[in-house]
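Trainee: I would like a close look at one part of this chain, followed outward into its surroundings.

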Amino acid sequence: MKNLLNKVVAIIAASIFVTACTSDEVAVSGTGNLKVEFDNAFGSNDLILSTQENTTSNSEVLKINKVKYIISNIVLTNEDGTTFKYPKSESYFIIDEGTPASLLANLENVPAGNYTKIKFGIGVDQEQFDLGATGQGDLLANAQAAGLTWSWAAGYKFVVMEGSFSSPTVTNSASFKIHTGKSGSDYNYAEVTLVLPSRAIVRTSISPVVHIITDVSKILDGVNKIKLSDNNPTGTAADIMFGSNLSLITTNVSGMFKIDHVHND
């Protein structure tokens with residue numbers, strides 16, 4: 001009987017210990033940081049500016065010397081379905097392949113949680129633009145410094161890709177520029193929602209990194225296939241900055257992001 005009583009006491013004690021540990025693990029409180037890393041690529045290759053030859057499905061060969069885009073309005077979804085909208089005034093990040101430090105967006109004071117999705121915009125939303133020049137905070141000055149504005153009246157450039165190209169019909173290298181943004185009545189702002197392959201665990205002591213690969217080949221070679229040579233009237237320069245191609249490129253841009261992995265360090 002005594003041995004049986006001792007076993008019962010031991011089982012109860014173990015149960016209390018397990019319950020206490022489980023409660024500690026479930027109790028999620030406070031805030032932490034979450035970082036979003038943007039790794040630019042062309043197809044399956046890491047993007048190398050200026051020297052790398054990149055071939056599209058239309059047999060156009062691109063040498064890209066500039067890739068920049070604005071990421072905005074980040075929303076994180078917790079595993080319980082609740083969402084956290086990163087403060088709008090702080091939720092604009094200029095990603096510039098030529099500036100390595102810009103490729104890592106640091107989100108501070110994120111509520112502790114286990115996040116399973118991330119949503120963000122590509123470009124600057126109409127609501128922000130409608131605040132006027134004085135309502136932009138640091139965004140306008142930073143975008144101007146990065147060459148991501150047309151003029152204030154015309155607004156922001158959302159995506160910029162520039163370089164040179166050749167094709168079966170353009171044997172001599174020609175320059176190209178692709179700039180998306182507001183064009184006439186089309187705003188060309190896009191959003192994307194990505195499901196994380198594993199949870200991003202935010203704690204006061206854990207700052208996860210969500211690693212996103214941005215496949216810039218999709219700008220021309222996504223759902224819509226766009227030839228630079230079809231936009232090269234002089235034979236020396238293909239500039240896509242307005243017209244019907246911008247809405248096609250905006251659709252393509254929505255498909256150029258994918259989650260590679262999540263670090264929980």
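Trainee: Which residues of helix α5 (residues 244–253) are buried?

Mentor: The model is predicted, so local features need pLDDT of at least 70 and side-chain atom pairs count only at pLDDT 80 or more, while totals for chains, interfaces and linings use all residues. Residues are numbered from 1 along each chain as its sequence is written, and side-chain values use heavy atoms, with hydrogens and water left out.

In α5, the buried residues are Asn245, Leu246, Ile249, Thr250, Asn252 and Val253. Buried means under 20% relative accessible area, exposed over 50%, and partly exposed in between (1.4 Å probe, protein chains only). These six residues lie on the same side of α5, because they cover an arc of only 160° around the axis; the arc is taken from the directions from the helix axis to the C-beta atoms. An α-helix has 3.6 residues a turn, so residues three or four places apart point the same way. Helices (H or I, at least four residues) and strands (E, at least two) are DSSP runs, numbered from the N terminus.

Two of the buried residues of α5, Thr250 and Val253, also help to line the largest cavity. The structure holds one cavity of 30 Å³ or more, and about 30 Å³ of space lies in the largest cavity. A cavity is a set of points on a 1 Å grid over the protein atoms alone where a 1.4 Å probe fits but cannot get out, and lining residues have an atom within 4 Å of a point. Points are joined across faces, edges and corners, and the volume is the space filled by probe spheres set on them. Besides Thr250 and Val253, the lining of the largest cavity takes in Ile122, Phe158, Val159, Thr180 and Asn188. The elements that give two or more residues to this lining are β10 (155–166) and α5. By class, the lining has four nonpolar residues, three polar and no charged (Ala, Val, Leu, Ile, Met, Phe, Trp, Tyr, Cys and Pro are nonpolar, Asp, Glu, Lys and Arg charged, the others, Gly among them, polar).

Asn188, one of the lining residues, is found in the loop between β11 (174–181) and β12 (190–202). Asparagine 188 counts as buried because its relative accessibility is 11%. Its phi is near 65°, a positive value in a residue other than glycine. Most residues other than glycine have a negative phi. Serine 50 also departs from that pattern, with a positive phi of about 75° although it is not a glycine. Serine 50 is found in the loop between β2 (45–46) and β3 (54–55), and it counts as partly exposed because its relative accessibility is 43%.

Strand β11 is largely enclosed by the rest of the structure, because six of its eight residues are buried. β10 and β11 run antiparallel and are joined by eight bridges, and two strands pair if DSSP finds at least two bridges between them. In this pairing, serine 164 stands opposite serine 175 in β11. β11 also pairs with β14, in the parallel sense and over four bridges. Serine 175 stands opposite alanine 237 in β14, and lysine 177 stands opposite aspartate 239 in β14. Both of these partners, Ala237 and Asp239, belong to the uncovered face of β14 (residues 237–240), whereas Ala238 and Ile240 form the covered face.

For a position elsewhere in the chain, take leucine 34 in strand β1 (residues 31–42). Leucine 34 counts as buried because its relative accessibility is 1%. Not counting residues up to four places away in sequence, it touches Leu76, Ala105, Asn106, Leu107, Val110, Ala200, Val202, Pro208 and Val210, where contact means heavy atoms within 4.5 Å. One of these, valine 202, is 168 residues from leucine 34 in sequence and 6.7 Å from it in space, C-alpha to C-alpha.

Aspartate 96, in strand β6 (residues 92–96), counts as buried because its relative accessibility is 12%. With residues up to four places away in sequence left out, aspartate 96 touches Val67, Lys68, Ser102 and Leu103. Its C-alpha atom is separated by 8.8 Å from that of isoleucine 70, 26 residues apart along the chain.

As for the chain overall, its secondary structure comes to five helices and 15 strands, and buried residues make up 45% of its 265 residues. Of the contacts with a separation of 6 or more, 74% are between residues 24 or more positions apart.

How values were computed: On a 1 Å grid over the protein atoms alone, a cavity is a set of points where a 1.4 Å probe fits but cannot get out, and a pocket is an open set with protein on both sides within 12 Å along at least five of seven lines; lining residues have an atom within 4 Å of a point.
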